[in-house]
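Take a moment with the sequence and the fold below. Then follow the charged pairs, a helix start and a pocket in turn.

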Amino acid sequence: MTHILTIPYSDSVLLETSLTRTEFEREAVFILAAKLYELGRLSSGKAAEFCGKERVDFLLALPRVGVPISNLQPEDVDDEVSFARRS
């Protein structure tokens with residue numbers, strides 16, 4: 001099932017951001033996906049799908065909006081290192 005989120009905004013938002021309507025809407029969806037990824041609510045794959053990007057392109061675009069590419073927590077890093085050593 002597909003749902004639609006409607007966010008009203010005025011032309012003044014477009015003027016202030018210097019973006020076209022299409023550019024602004026695409027950027028807003030990307031920023032929402034990036035934030036959901038950063039919070040751990042979406043995987044990188046689902047976040048990329050949400051904003052219509054390939055996973056690698058999504059990950060590489062994250063620093064542009066101040067989101068780290070990796071959302072590993074300090075405790076996760078130890079687990080990943082242990083796993084890598086066993087492999």
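What follows is a walk through selected side chains and one pocket of a predicted model.

Begin with the charges. Side chains of opposite charge can pair when their charged atoms come close. How many salt bridges does the count come to? The count comes to four salt bridges. Three of them are taken up here, among the four.

The first stop is helix H2, which spans residues 21-38. Arg21 and Glu25 join their side chains in a salt bridge, with N to O at 3.1 Å. Both residues sit in H2, four residues apart, which is about one turn of the helix. How accessible are the two partners? Arg21 has 56% relative accessibility. It counts as exposed because the cut-off for that class is over 50%. Glu25 has a relative accessible area of 33% and is partly exposed.

Move along H2 to Lys35 and Glu38. Their side chains also form a salt bridge, at 3.0 Å from N to O. Again both partners lie in helix H2. Here the spacing is three residues, about one turn of the helix. Lys35 is partly exposed, with a relative accessible area of 42%. Glu38 is partly exposed too, at 29%.

Now look for a pair that reaches across the chain. Arg64 and Glu27 meet through their side chains in a salt bridge of 2.9 Å, N to O. This pair links distant parts of the chain, 37 residues apart. Glu27 belongs to helix H2. Arg64 lies in the loop between helix H4 (55-61) and helix H5 (74-86). Are the partners buried, partly exposed or exposed? Arg64 is exposed, with a relative accessible area of 53%. Glu27 counts as partly exposed, at 22% relative accessibility. That value does not fall under 20%, so Glu27 is not classed as buried.

Turn next to helix H3, residues 44-50. Ser44 lies in this helix. Is Ser44 buried or exposed? Ser44 has 9% relative accessibility, so it counts as buried, the class for values under 20%. Which residues does Ser44 touch, leaving aside those up to four places away in sequence? They are Tyr37, Arg55, Phe58 and Leu59. With one of these, Arg55, Ser44 makes a polar contact between side chains, at 2.7 Å.

Lys46 is also found in helix H3. Its relative accessible area is 48%, so it is partly exposed, the class that lies between buried and exposed. Lys46 and Ile4 are 42 residues apart in sequence. In space, their C-alpha atoms are 17 Å apart.

Finally, consider the empty space. Rolling a probe the size of a water molecule over the atoms shows where empty space is left. The largest pocket has a volume of about 430 Å³. What lines the largest pocket? Its lining holds 14 residues. Leu5, Thr6, Ile7, Glu25 and Val29 lie nearest the centre. Glu25 is thus met again, after its salt bridge with Arg21. Which element gives the most to the lining? H2 does, with six residues. By residue class, the lining of the largest pocket divides into ten nonpolar, two polar and two charged.

Return to H2 to close the tour. This helix holds the Arg21 and Glu25 pair, the Glu38 and Lys35 pair, and Glu27, the partner of Arg64. H2 also gives the most residues to the lining of the largest pocket.

Key. Residues are numbered from 1 along each chain as its sequence is written. This is a predicted model: local features need pLDDT of at least 70, side-chain atom pairs count only at pLDDT 80 or more; totals for chains, interfaces and linings use all residues. Side-chain values use heavy atoms; hydrogens and water are left out. Helices (H or I, at least four residues) and strands (E, at least two) are DSSP runs, numbered from the N terminus. Buried means under 20% relative accessible area, exposed over 50%, partly exposed in between (1.4 Å probe, protein chains only). A polar contact is a pair of N or O atoms within 3.5 Å; within protein, one must be able to donate a hydrogen and the other to accept it, and residues adjacent in sequence count only if both atoms are side-chain atoms. Contact means heavy atoms within 4.5 Å. On a 1 Å grid over the protein atoms alone, a cavity is a set of points where a 1.4 Å probe fits but cannot get out, and a pocket is an open set with protein on both sides within 12 Å along at least five of seven lines; lining residues have an atom within 4 Å of a point. Grid points are joined across faces, edges and corners, and a volume is the space filled by probe spheres set on the points. Ala, Val, Leu, Ile, Met, Phe, Trp, Tyr, Cys and Pro count as nonpolar, Asp, Glu, Lys and Arg as charged, and the others, Gly among them, as polar.
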